[in-house]
Amino acid sequence: GHDQPVEVHDGTVQWTLRVGLHAAVPPGERALTAKIHFQLCTVAGCEMPEVRPVRIVLDLRAPAEATP
């Protein structure tokens, strides 16, 4: 078994991920790949757990270009 807490969601979900970058990283577009682990369940039962890659694109801007 897994000893990690289980989150239960119904409907559409959205997560926020805080990313820290070194100050020397130049402005521009950067792509990251994360993995999301999930399992779909209904009142009738649960599907097998799945892992899928998620591509995240960051638009890094110089401090003067950043919008508040």
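**The largest pocket and its setting in the chain**

The largest pocket holds about 1,400 Å³ of space in this predicted model. Two elements, strand 1 (28-38) and strand 4 (50-60), each give two or more residues to the lining of this pocket. Strand 4 makes the greatest contribution, with six residues. In total, 30 residues line the largest pocket, and those nearest its centre are E7, W15, I36, H37 and F38. Sorted by class, the lining comprises 19 nonpolar residues, seven polar residues and four charged residues.

The protein chain that forms this pocket contains four strands and zero helices. Read from the N terminus, the order of its elements is β-β-β-β. Of contacts between residues at least 6 apart in sequence, 42% link residues at least 24 apart. The chain has 68 residues, 3% of which count as buried. Its exposed area is about 6,900 Å², with carbon and sulfur atoms supplying 55% of that area.

The structure also contains one disulfide. This bond connects C41 and C46, with an S to S distance of 2.0 Å. The torsion about the S-S bond of C41 and C46 is about 110°, and the disulfide is therefore right-handed. As for its surroundings, C41 has a relative accessible area of 44% and is thus partly exposed, since this class lies between the 20% limit for buried residues and the 50% limit for exposed ones.

Definitions and conventions:
Residues numbered from 1 in each chain as written. Predicted model: local features only at pLDDT ≥ 70, side-chain atom pairs only at ≥ 80, totals over all residues. Heavy atoms only, no water. Disulfide = S-S within 2.5 Å. Buried < 20%, exposed > 50% of the residue type's maximum accessible area, 1.4 Å probe, protein only. 1 Å grid on protein atoms, 1.4 Å probe; cavity = no way out; pocket = protein on both sides within 12 Å on 5 of 7 lines; lining within 4 Å. Points joined across faces, edges and corners; volume = space filled by probe spheres on them. Nonpolar A, V, L, I, M, F, W, Y, C, P; charged D, E, K, R; others polar. Contact = heavy atoms within 4.5 Å. Areas by Shrake-Rupley, 256 points an atom, 1.4 Å probe, with all protein chains shown as cover.
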